[in-house]
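This briefing introduces one structure to a reader who has not seen it before. Please look over the sequence and the model first.

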Amino acid sequence: MSGTDTAGLCEAVTLLPPGLRSALLEAHPDVDRQRVADELVCALEAHPRGEHFAVLYDDFAAPALGALWTRWAEGEPPATYWLRPDCTRSSPHREACGHFAAHTGLHTWEAATAPRRP
Ligand SMILES: [Zn+2]
Ligand SMILES: [Zn+2]
């Protein structure tokens, strides 16, 4: 481990299991299967423990209900997904946050511009 701080995103990666993908397509026939993420990247601010969260699908037609998210523990495949409303906060520059409502950690636009802190 290096002594660098934890500013930035987690970016843990996993793959969408085929079984979960087909369950999703069955439950949401309106989903564009080309746009379902197969490579999942944790979208949260870097976190030393806890589950990872990634967007599976964020292309619902307006008015959007939110996005499909999944979560997984380190070393385990994602086993479930759920529809979460989008975080409604946006930056002073009107950049929308890319997380789900009531997420932990920084908003995406804060994480992208966060000053490094000890
Ligand atoms: Zn993570
Ligand atoms: Zn947010």
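The points below cover the sheet, one of its edge strands, and the nonpolar core. The model is a predicted one. It has an open sheet of three strands, and its largest nonpolar core is made up of eleven residues.

**The sheet**
- The strands are ordered S3-S4-S5, and their pairing is antiparallel.
- S3 and strand S5 (81-84) each have a single partner strand and stand at the edges, so one side of each has no neighbour in the sheet.
- From one strand to the next, the twist averages 40°.

**Strand S3 and its partner**
- S3 and S4 run antiparallel and are joined by five bridges.
- Phe53 has Arg71 in S4 as its bridge partner, while Val55 stands opposite Trp69 in S4.
- Five of the six residues of S3 are buried, which leaves the strand mostly covered.

**The largest nonpolar core**
- Members of this core include Cys10, Leu40, Ala43, Leu44, Leu68, Trp69 and Tyr81, and also Phe53, Ala54, Leu56 and Tyr57.
- Strand S3 (52-57) and strand S4 (67-72) each supply at least two of the core residues.
- S3 gives the largest share, four residues.
- In soluble globular proteins, nonpolar side chains tend to be buried together.

**Contacts of Tyr81**
- Tyr81 belongs to the core.
- Apart from neighbours within four places in sequence, Tyr81 is in contact with Leu20, Leu24, Leu56, Leu68, Trp69 and Thr70.

Conventions:
Residues are numbered from 1 along each chain as its sequence is written. Chains are lettered from A and ligands numbered from 1 in the order in which they are written. This is a predicted model: local features need pLDDT of at least 70, side-chain atom pairs count only at pLDDT 80 or more; totals for chains, interfaces and linings use all residues. A nonpolar core is a set of buried Ala, Val, Leu, Ile, Met, Phe, Trp, Tyr and Cys residues joined through C-beta atoms within 7 Å. A residue is buried if 20 or more other C-beta atoms lie within 10 Å of its own, exposed if 12 or fewer, and partly exposed in between; C-beta atoms are placed from the backbone. Two residues are in contact if their C-beta atoms, placed from the backbone, lie within 7 Å. Two strands pair if DSSP finds at least two bridges between them. Axes are lines fitted to C-alpha atoms, for helices over the stretch in contact, and angles run from 0 to 180 degrees between N-to-C directions.
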